[in-house]
Amino acid sequence: AAKKAGGACIVTASEDFRRDLEFRRRLQRDILHASQRNEFDLAFQPIVDVGELRAHSFEALLRWQHPELGRIPPDLFIPLAEESGAIIEIGRFVLDRALSIAANWPAQLTVSVNVSALQLSEKSFVRMVRETLKRNGVPASRLILEITETALIKNANAGKILDDLRRLGVGIALDDFGTGYASMGYLQQYRFDKIKIDKSFVSTMNEEGKSAAIVRAICALAKEISATVVAEGIETEELLSLVGAAGCDFGQGYLFARPMSALQTALFIEKNGWGGVATPRRPAGEM
Ligand code: C2E
Ligand code: MG
Ligand code: MG
Ligand code: MG
C-alpha cells in the first residue's frame with residue numbers, strides 16, 4: 001500500500017510540475033503583449049532618511065494587471081521576462097515612465113529604478129539611459145539604478161558599464177545585499193553609492209540571533225567604502241529604531257508607506273515630502 005501511495009504521489013507531483021510549467025509558459029507569452037495592452041503600471045515606495053524621517057528617494061516597482069489572472073507579483077513575472085528577453089523592452093518602459101513621473105517631483109527627490117542582469121549586458125544600455133534622462137528633462141543626479149549581485153555575476157563587462165553610468169552622473173545601489181554570494185568581492189571590485197540590506201536581515205533584527213550584528217557590520221563596512229545604507233522591510237517602529245541604532249542611513253518599508261500609485265505618491269510628497277516629515281503611518285490602498 002505504501003508503494004502504491006508513493007507512486008500516486010509521484011504522479012501528482014509531476015502533474016503539478018506540468019501545470020506549473022504550462023502556467024509559466026502562458027505568463028511568458030502574455031508578457032509580450034502586456035506593455036502594448038497597457039497592463040503595466042508603476043508603484044512608488046519612499047526611501048526615508050531614518051534620522052530626519054524625510055523622503056529621499058522613491059523606488060519604482062513594476063505592477064502587472066493580467067486581464068484574466070489579476071495581479072501577478074513581480075517576483076514571479078520578472079524572472080520569466082528575464083528568461084525570454086522581454087525584460088529589455090519592459091526595462092526601457094519602466095525607466096521612461098519612472099523618469100517622466102519623477103520629473104514632476106521636487107528636484108531634491110531622486111527616483112530608484114531596478115535593473116536586470118540582461119539589461120546591463122545590452123550594448124546600448126548606457127546610451128539608452130542617457131537618452132531617456134534627456135527626453136524627460138531629468139538630470140542624471142536624480143536617478144539611482146538598483147542592481148543585484150546576480151546581475152554583476154552574470155556580466156563580465158559590469159565594471160565598465162558601472163563606470164560609464166557613474167561618469168554620466170547616475171547613482172548605483174547594490175540591491176538585496178547579503179542574499180547573493182561573494183558579496184565582499186563585489187564591494188572590493190566596484191563602487192556603490194548605496195547598499196540595500198535585504199529585508200530578511202532587517203525583519204529579524206528584533207529576534208534572538210545574529211541579524212542585528214550583521215546589519216551593524218554591513219553599516220560599518222559601508223562607511224569604509226563611502227556608501228550609504230538602506231534597510232529594506234521596516235514594518236514597525238521597533239525595527240526603525242533598531243536600524244537607526246545599527247547605523248543605517250535610510251529605511252524603506254510598510255511603516256512609512258506601501259508602494260503607491262503615481263497620484264498617491266504626488267499626494268504623499270505634498271503632505272510629507274521634501275521639507276516635511278514622513279510620519280510613520282499606514283496609508284490605505286497598497287499597490
Ligand atoms: P526589490 O527591488 O528588493 O524591491 C523591494 C520589495 O520589497 C518590493 O516588492 C516591495 O513592495 C517590498 N517591500 C517594501 N517594503 C516592505 C516591507 O516593509 N515588508 C515587506 N514584506 N516587503 C516590503 P515587489 O514590489 O513585490 O517587488 C519584488 C521584486 O521584483 C523587487 O525587489 C525587484 O527585484 C523586482 N522588481 C520590481 N519592479 C521591477 C522592475 O521594474 N524591474 C526589475 N528588473 N525588477 C523589478
Ligand atoms: Mg530594488
Ligand atoms: Mg531590494
Ligand atoms: Mg528584494
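A donor here is an N, O or S atom within 2.8 Å of the metal, and with water not among the atoms, a site may look incomplete. Keep that in mind for the metal views, and note that everything below comes from a predicted model.

**View 1. The magnesium ion (ligand 2) and its donors.** In sequence, the donor residues of this ion are spaced E-x54-N-x31-E-x28-D. Put names to that pattern and you get E59 (OE), N114 (OD1), E146 (OE) and D175 (OD), sitting 2.0 to 2.2 Å from the magnesium ion (ligand 2). N114 comes from strand 4 (residues 110-115) and E146 from strand 5 (residues 143-148), so this pair links parts of the chain that are 32 residues apart. Buried or partly exposed: which is N114, at 30% relative accessibility? N114 counts as partly exposed, since buried means under 20% and exposed over 50%. E146, with a relative accessible area of just 2%, is buried.

**View 2. The magnesium ion (ligand 3) next door.** Here the protein donors are D175 (OD), D176 (OD) and E232 (OE), at 1.8 to 2.3 Å. Along the chain they follow the spacing D-D-x55-E. D176 belongs to strand 6 (residues 171-177), while E232 is in the loop between strand 8 (228-231) and helix 11 (237-246), so the pair ties together parts 56 residues apart in sequence. As for accessibility, D176 is partly exposed at 26%, whereas E232, at 8%, counts as buried.

**View 3. Both ions in one frame.** Which residue coordinates both the magnesium ion (ligand 2) and the magnesium ion (ligand 3)? That would be D175, and the two ions it coordinates are 3.8 Å apart.

**View 4. Inside the largest nonpolar core.** This core has 83 residues, and V129, L143 and L145 are the ones that touch the most other members. Helix 3 (residues 87-102) gives the most to the core, chipping in nine residues. Zoom in on L143: leaving out its neighbours within four places in sequence, it is in contact with L95, L99, V111, V113, V129, L133, V170 and G171. As general background, nonpolar side chains in soluble globular proteins tend to be buried together.

**View 5. The two sides of helix 12.** Which residues of helix 12 (residues 262-272) are buried? They are T265, F268, I269 and N272. Looking down the axis of helix 12, these buried residues fall within an arc of 100°, so they line one face of the helix. Over on the other side, L263, E270 and K271 are exposed. The cover on the buried residues of helix 12 includes strand 1 (40-49) and strand 2 (54-66).

**View 6. Zooming back out to the chain.** Count up the secondary structure and you find twelve helices and nine strands. The radius of gyration is 20 Å, close to the 19 Å the globule rule gives for 287 residues, so the chain is as compact as a globular protein of that length. Its C-alpha trace spans about 65 × 50 × 40 Å along the principal axes. Of the 287 residues, 46% count as buried. Among contacts between residues at least 6 apart in sequence, 69% join residues at least 24 apart. The chain exposes about 14500 Å², with carbon and sulfur atoms supplying 53% of that area.

Conventions
Residues numbered from 1 in each chain as written. Chains lettered and ligands numbered in written order. Predicted model: local features only at pLDDT ≥ 70, side-chain atom pairs only at ≥ 80, totals over all residues. Heavy atoms only, no water. Donors = N, O, S within 2.8 Å, 3.2 Å for Na, K, Ca; no water. Helix = DSSP H or I, 4+ residues; strand = E, 2+ residues; numbered from the N terminus. Buried < 20%, exposed > 50% of the residue type's maximum accessible area, 1.4 Å probe, protein only. Core = buried A, V, L, I, M, F, W, Y, C linked by side-chain atoms within 4.5 Å. Contact = heavy atoms within 4.5 Å. Arc of directions from axis to C-beta. Rg over C-alpha atoms; globule rule 2.2 N^0.38 Å. Areas by Shrake-Rupley, 256 points an atom, 1.4 Å probe, with all protein chains shown as cover.
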